[in-house]
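Here is a set of questions and answers on one protein chain. Look at the sequence and the structure first, then work through them in order.

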Amino acid sequence: MQTRKNPLTSNDLRQCLRVATGATLGFALCKIFDWQYGIFYTVTPMILLGLVPVMSAHAMRQLIASSVMAIIEVGLIGSLLMGSPGMMTLVVFLLFLYRFAFMSRGALFLFGANGVLMLSIMLHFASYPNTNLNELLFNNFWATVLSVIIAYVMMAILPDAEPRTAHKPGPKATHRMRHEALLGATIATISFLIFQTFNLQDSMSAQASTILILFPMHWNGVIGYARKRAVGTIIGVTFGVSVQILLYDWSSQLLLVVPIFWIGLMLFSQFHVREGGGSSIGFGAMTTLGILFGQYLSPDNDLIFSAFYRISSIAVAIIITLFLCYSLHRLLNRFEATRFGY
């Protein structure tokens, strides 16, 4: 694992503490109150605190708006289009397309990134007849609001030691933005169709991986993050299995799980910050651990089986996604209007 050799700054350390503590708090509240869809309560704080070093009103608005839009869209699709696969596929593509367009422009990247991930997850859950749609939508919205509250509390308790330099994304050519938006939306739609066609209801980690590796929105970035995501997944799963073996019959005891979960997140968040944030090995390890513990850890579930199933399904999903990304990248580059370049 390659990271910066220089030590963590005071700001870096405080961000690590915010990520680990905030995500652990979301996880603990989810388990204490027995809320469904633990992936929302555990992973959303990671995305917010991991990708946004300093919480702001702009970030809050983006996160809440992305959740509200996804809830409205999933509710309408679930009510009106579930019986029309062709029309639903077209609508889903358009919904992904405008989100990736926002991500490509940069200013509303968090709105697009969180929206793409949550829309994909909720559409997958909502397509199964045993899903309570109202419960799904409520949990997503409540998890988003709770994550914003947690982020502000973490910033109040652990503020930065010194001001940060604001990052401003550089300008992009119009043809590059078209390339990125079409690439992301097409692959995300194909991912949705594959998971629906093969009835992969229990492959949430694999589906999330196919979305997360699209965040760079171009072939060089996707293949780079795919490697990081694969390594991060192995590290996260290894940690989760080690916890299961260590605790054995006590793995359902929340008082024992929570501190170990925090230690894992603290370790991985340091790698994430040292790698410069964004699509990092540490971020892959964190989100894998969050999915394993948030969605699959329960007294009647074997986390070890879930962990090894995650590794195999994610490996297959990443390989297929890379093949599709490369093929589409080559196709889009054949046209001047959608050619990738600066």
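Q: How are H4 and H5 oriented to each other: roughly parallel or roughly antiparallel?
A: The model is a predicted one. In it, the axes of H4 and H5 cross at roughly 155 degrees and come within 7 Å. Angles over 145 degrees count as roughly antiparallel. Therefore the relation of H4 to H5 is roughly antiparallel.

Q: Which hand does the crossing of H4 and H5 have, left or right?
A: H4 covers residues 85–105, and H5 covers 109–126. Where H4 passes H5, the crossing is left-handed.

Q: Which word describes how H2 lies to H6: oblique or roughly parallel?
A: H2 spans residues 38–51, and its axis is 9 Å from that of H6, at an angle of about 45 degrees. An angle under 35 degrees would count as roughly parallel, and one from 65 to 115 as roughly perpendicular. The angle between the two helices is in neither range, so H2 is to H6 oblique.

Q: What is the hand of the crossing of H2 and H6?
A: The two helices pack with their axes 9 Å apart. Their crossing is right-handed.

Q: Which helix gives the most residues to the nonpolar patch?
A: The patch on the surface is formed by Val68, Ile72, Leu76, Leu80 and Phe141, with about 450 Å² of accessible area together. Phe141 belongs to helix H6, residues 133–157. The largest share, 4 residues, comes from residues 57–80, which is helix H3.

Q: Is Phe141 buried or partly exposed?
A: Phe141 is one of the residues in the nonpolar patch. A residue is buried under 20% relative accessible area and exposed over 50%. Phe141 has 35%, so its class is partly exposed.

Q: How many salt bridges does the count come to?
A: A salt bridge needs a side-chain nitrogen of Lys or Arg within 4 Å of a carboxyl oxygen of Asp or Glu. One pair that meets this is Arg99 and Glu73, with their closest N and O atoms 2.7 Å apart. By this rule the count comes to 6.

Q: How many residues apart are Arg99 and Glu73?
A: Arg99 and Glu73 form a salt bridge. Arg99 is in helix H4 and Glu73 is in helix H3, and the pair links distant parts of the chain, at a separation in residues of 26.

Q: Is Glu73 buried or exposed?
A: Its salt-bridge partner, Arg99, is buried at a relative accessible area of 0%. Glu73 has a relative accessibility of 9%, and the limit for this class is under 20%. Glu73 therefore counts as buried.

Q: Which residue of the pair Asp160 and Arg164 is partly exposed?
A: These two residues form a salt bridge, and the closest N and O atoms are 2.6 Å apart. Asp160 has a relative accessible area of 18%, so Asp160 is buried. At 30% relative accessibility, the partly exposed partner is Arg164.

Q: Which residues do salt bridges that share partners join into one network?
A: Glu180 and Lys172 form a salt bridge with closest N and O atoms 2.9 Å apart. Salt bridges that share partners give one network, and its members are Arg18, Asp160 and Arg164.

Q: Is Tyr37 buried or exposed?
A: Tyr37 lies in the loop between H1 and H2. Tyr37 is not a glycine, yet has a positive phi of about 60 degrees. Since its relative accessibility is 12%, Tyr37 counts as buried.

Q: What is the relative accessibility of Met217?
A: Met217 is in the loop between helix H8 and helix H9. This residue, other than glycine, also has a positive phi, near 70 degrees. Met217 counts as buried, because its relative accessibility is 3%.

Q: What distance separates the C-alpha atoms of Leu133 and Gly78?
A: Leu133 lies in helix H6 and is partly exposed, at 23% relative accessibility. Leu133 and Gly78 are 55 residues apart along the chain, and their C-alpha atoms are separated by 7.9 Å.

Technical notes
Residues numbered from 1 in each chain as written. Predicted model: local features only at pLDDT ≥ 70, side-chain atom pairs only at ≥ 80, totals over all residues. Heavy atoms only, no water. Patch = residues over 30% accessible without salt bridge, like charges linked within 9 Å, V, L, I, M, F, W, Y side chains within 5 Å. Areas by Shrake-Rupley, 256 points an atom, 1.4 Å probe, with all protein chains shown as cover. Buried < 20%, exposed > 50% of the residue type's maximum accessible area, 1.4 Å probe, protein only. Axes fitted to C-alpha atoms, helices over the stretch in contact; angles between N-to-C directions. Left-handed = near helix turned anticlockwise from the far one by under 90°.
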